[in-house]
Amino acid sequence: MTNRRFAQALESMRSPDARLRTHGFDFLREHADAYVDELIAEFGREEDDELRCWLLELISEARSPRALRVLTGELESDDDSVRFWAIRGLEMLDTPGAHEALEQAREGGWIA
């Protein structure tokens, strides 16, 4: 896979056409593990709340240990959808570091 395919899928996700948005998202969901670094970088740059949530969902789908920091960082998000995908992503990651992050968030009262 090339970064060109990633860029095209991301462009589709930004389209006003719902069909194109879904197509771009579905492509990246199928290949999230191959693009995890690009997804993490794009998440850090993105300002649109809906797209940030979609990107975090894709990062979660990648199930990559490289996502631990970004997922942990979003546990305190004010956005319920972002916080949901941070929790879900850590659960899906299912590593000792992910379990520790979730436990600390529970102890700190950030999540239930």
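**Close-up views of an all-helix predicted model**

**View 1. Helix α6 has the span expected of its length.** The 14 residues of α6 (residues 80-93) should cover 20 Å at 1.5 Å a residue, and the end C-alpha atoms are 20 Å apart, so the two agree. The expected span is 1.5 Å times one less than the number of residues. This is a predicted model: local features need pLDDT of at least 70, side-chain atom pairs count only at pLDDT 80 or more, and totals for chains, interfaces and linings use all residues. Residues are numbered from 1 along each chain as its sequence is written, and side-chain values use heavy atoms, without hydrogens and water.

**View 2. The buried residues of α6 pack against α4, α5 and α7.** Buried means under 20% relative accessible area (1.4 Å probe, protein chains only). Among the buried residues of α6 are Val 82, Trp 85, Ile 87, Leu 90 and Met 92. Arg 83 is also buried. Their partners are α4 (49-62), α5 (68-73) and α7 (96-107). Contact means heavy atoms within 4.5 Å.

**View 3. The protein has 7 helices and 0 strands.** Helices (H or I, at least four residues) and strands (E, at least two) are DSSP runs, numbered from the N terminus. The C-alpha atoms fill a box of roughly 40 × 25 × 20 Å along the principal axes. Of the 112 residues, 43% count as buried.

**View 4. Charged side chains number 14 positive and 25 negative.** Lys and Arg count as positive, Asp and Glu as negative; His and the chain ends are left out. The centres of the two sets lie 6 Å apart. Each charge is placed at NZ of Lys, CZ of Arg, CG of Asp or CD of Glu.

Methods. Buried means under 20% relative accessible area, exposed over 50%, partly exposed in between (1.4 Å probe, protein chains only).
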